[in-house]
Amino acid sequence: MSVQSSPTVQRHHLVIDSLDNIVAEGTIVEVGVDSSSQTVHGVPLAAENIRVSVSKCLVENALLPVPIRDEIVFVSDAIGTCVAWPKDWVIPATAVGNAKQAPRKYGRKKTKQWVDTDKDDDDLEHLPADLPPALLSLSKWGNEFLKDRATIHTKLSKDLFGTERKIALFRSDLFAFTNVQEVAGDTIVMYMSFLREKLKESNMLNMIGFVDPSSLGVGNSTDRSRSFSAALKRGKPGQFFLVPYNTGKHWILSVVSPSEELVYFMDPMKRRMDVTTDEWRTIVNQYGIPEQIGDKSCGYFIMLYMREIVQDKEQNWTKKWLTRGDEKYTMQDVDVVRQEWAEYVLKFTSN
């Protein structure tokens, strides 16, 4: 039986923390199903939240209290779609006065849907030994300033993906990178932005492009296919595209050559991709890539794969990896990526 939604006509203020912190306007969407049984973009709604349709953003850098993975993080990204919002923070417009809001930093409130139960999850005070110098500096900075939902946030130019891309790095992202734990999409996007700068320095921008990993995780399969196709249309003849993708707790990398209808598939666990597709004439499983260390290093390894491709001015990486055999990456190699990433992120800490 289909469920018909009927948004109420009453306008509501969407707030964070208190009545005077209004970040958006919207309407409540009733679907006639108990909230504990509902999902929003595939994520359980939870009893403490309500489904709202965001119609207007009042604070551009405000972060959603209940983000949708790494895909819809800012309130401004949610305009025209439905998101979950804590019930206590959805206030009828008639109940809120017109008092002016004091300027403040907006962050993302930790909710039951995504916070880890480990109480040390955001610990940036007790750091591992022998951290790369830049990561040590970034972690110490984060320990002091990434409090009360503060973030490192910026907007990357459309040069990277064809459209502007908002980025928000949280205290937990620094903790993950410091402790070599699973990395989020925005963490990888920041490294892709760093690699693009290296391509520009080497005059290789016509050789390699990038596809936003979040564009492959929004909507249904048709929407994702359209988004991917639109990204590839930016390419030039002979250009490769680096396409990181999270399959659900695991990062893989595809290197796509649209002009050759060819995809190189790189899984840090060295699994094969066996598919039949009308879109790609050939899918090559790259067996010569180094295999990941442990069960949480896949994100770091695809960053290393991308780094090697970007550094190869002759673009012979396919032949190199076919002949490498059992070559491995070490923690020293991972630390090179962590150092480069931290040096790049430190440039944005004054935002």
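1. Start with L63: its bridge partner in strand 8 is F74. This is a predicted model, so read the pairing as part of a prediction. Strand 7 (residues 63-68) and strand 8 (residues 72-74) run antiparallel, and two bridges join them.

2. Is strand 7 enclosed or open to its surroundings? The burial count settles that: six of the six residues in strand 7 are buried, so the rest of the structure largely encloses this strand.

3. On to R51, which sits in strand 6 (residues 49-57). It's an arginine you may want to look at, with a relative accessible area of 13%. Buried means under 20%, so R51 counts as buried.

4. What is R51 in contact with, once neighbours within four places in sequence are left aside? The list runs T27, I28, V29 and V31, then Q38, T39 and V40, followed by L45, and finally C82 and V83. Take I28 from that list: 23 residues separate I28 from R51 in sequence, while their C-alpha atoms are 6.1 Å apart in space.

5. Next, strand 12 (residues 165-169), where five of the five residues are buried, leaving the strand mostly covered. Which residues lie on each face? R165, I167 and L169 are on one side, K166 and A168 are on the other, and all of them are buried, so both faces are covered.

6. The partner of strand 12 here is strand 11 (residues 152-156): the two pair in the antiparallel sense, over five bridges. One pairing to check by eye is L156, whose bridge partner in strand 12 is R165. That same R165 is one of the buried residues on the face with I167 and L169.

7. Now the helices. How do helix 1 (residues 133-145) and helix 3 (residues 171-178) cross? Their axes come within 10 Å and cross at roughly 150°. Angles over 145 degrees count as roughly antiparallel, and helix 1 and helix 3 are therefore roughly antiparallel to each other. As for handedness, helix 1 passes helix 3 in a left-handed crossing.

8. Which residues make the contact between these two helices? From helix 1 come L135, L138, S139, G142 and N143; they meet R171, L174, F177 and T178 in helix 3. By type, the residues of this contact divide into four nonpolar, four polar and one charged.

Notes. Residues numbered from 1 in each chain as written. Predicted model: local features only at pLDDT ≥ 70, side-chain atom pairs only at ≥ 80, totals over all residues. Heavy atoms only, no water. Axes fitted to C-alpha atoms, helices over the stretch in contact; angles between N-to-C directions. Helix = DSSP H or I, 4+ residues; strand = E, 2+ residues; numbered from the N terminus. Parallel < 35°, antiparallel > 145°, perpendicular 65-115°, else oblique. Left-handed = near helix turned anticlockwise from the far one by under 90°. Contact = heavy atoms within 4.5 Å. Nonpolar A, V, L, I, M, F, W, Y, C, P; charged D, E, K, R; others polar. Buried < 20%, exposed > 50% of the residue type's maximum accessible area, 1.4 Å probe, protein only. Pairing = 2+ DSSP bridges.
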